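I sat down today to look a few things up in a new structure. Here are my notes, kept short.

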Amino acid sequence: MAIFPVKRLRRLRYNPLIRDMVRETELSKNDFIYPLFVVHGEKIKKPIKSMPGVYQMSVDTLVNECKDVASLGIPAVILFGIPEHKDEVGSEAYNPNGIIQKAVRAIKSEVKNLIIITDVCMCEYTSHGHCGVLNEEEILNDQTIELLARESLTHAQAGADIIAPSDMMDGRVAVIRKILDENGFEKIPILSYAAKYASGYYGPFREAAESTPAFGDRRSHQMDIGNVNEALREVETDIEEGADIVMVKPAGPYLDVIRKVKDTFKMPTAAYQVSGEYAMIKAAGQNGWIDEERVMIESLTAIKRAGADMFLTYFAKDAARWLDKNRK
Ligand SMILES: [Zn+2]
């Protein structure tokens, strides 16, 4: 084996063109999924304080935003709904005229070339802010998944292209696959939030989606931050139940999990660069403490290098513009 001075790894770094030639991981717009928050009303574009550049939008504003997203070459958005009215059982989640269902129909009728993914959970829709129906303070798994199935069906009926359950209840992928198939939606893929951790990085999202739990936390269904074998069991279970794409969430602090999931199952693998990851980069950038653009690209490249085929990121538009400027 060659050693110095024959072996010089810097030879491939002196020239920027050579660096481009040997780069192992390169971002592409095809990797990006842009998360959007939709509210009732008209002409609304309400900034989310802890996530600069991210807004709650009414359906009319959202449709224009989606046209923008598509024209930038981003292939997909994922929608989160904020209902006008919340109750114990999250009825608005599976109302055929709920906010997500309306938004999907509006986007579908006006925007071409854009995949619409819908997030499926109950926490934005329940008065207590938990991800399912409760008995006292316990989330009832089997009753909740029936509601998630109904919610998924209304999304598919409205025209959603991909259904993305984020609740972490046991058995949800199976019941969603079943109800979709029984109703002629066998071609609609399921992107499951398969390994979703009970993370402190979700803080700003709770403001965006108005889904802070009224008491307690999500540790009875989301995963413990220390576990990786359990993540593999979660992912395996979702694949067995019919998931087409599996997700790890958050992304940046869980790169090892992404890599393990990718290597173990060789499935299309998504990762969610969550609100807290975004907020930290934004805040440090705005303070001049880091070069925001550079860290944005570095953080996304790291997620891809770890094995993610696609990622949900609030930087999608900025990163797409960066690619237009900096890559052929
Ligand atoms: Zn939830």
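The entries below go from the metal site to the cysteines and then to the surface.

Entry 1, the metal. I kept in mind that this is a predicted model. Which protein donors does the zinc ion have? I found the SG atoms of Cys-121, Cys-123 and Cys-131, lying 2.2 to 2.4 Å from the zinc ion. Along the sequence, I noted these donor residues as spaced C-x1-C-x7-C.

Entry 2, cover at the cysteines. Are they buried or exposed? I looked up Cys-131 and found a relative accessible area of 1%, so this residue counts as buried. Cys-123 has 7% relative accessible area, so I put Cys-123 down as buried too. I also checked Cys-66, which is buried because its relative accessible area is 0%.

Entry 3, disulfides. How many disulfides are there? My count came to zero. The rule I used asks for a pair of cysteine sulfur atoms within 2.5 Å.

Entry 4, the surface. Which residues make the nonpolar surface patch? I wrote down Leu-12, Met-21 and Val-22, which make a patch of about 320 Å². I then followed up on Val-22, which has its place in helix α1, residues 16-22. Val-22 has 41% relative accessibility, so I noted Val-22 as partly exposed. For that label I needed the cut-offs: buried is under 20% and exposed is over 50%, with partly exposed in between.

Methods
Residues numbered from 1 in each chain as written. Predicted model: local features only at pLDDT ≥ 70, side-chain atom pairs only at ≥ 80, totals over all residues. Heavy atoms only, no water. Patch = residues over 30% accessible without salt bridge, like charges linked within 9 Å, V, L, I, M, F, W, Y side chains within 5 Å. Areas by Shrake-Rupley, 256 points an atom, 1.4 Å probe, with all protein chains shown as cover. Salt bridge = Lys/Arg side-chain N within 4 Å of Asp/Glu carboxyl O. Helix = DSSP H or I, 4+ residues; strand = E, 2+ residues; numbered from the N terminus. Buried < 20%, exposed > 50% of the residue type's maximum accessible area, 1.4 Å probe, protein only. Donors = N, O, S within 2.8 Å, 3.2 Å for Na, K, Ca; no water.
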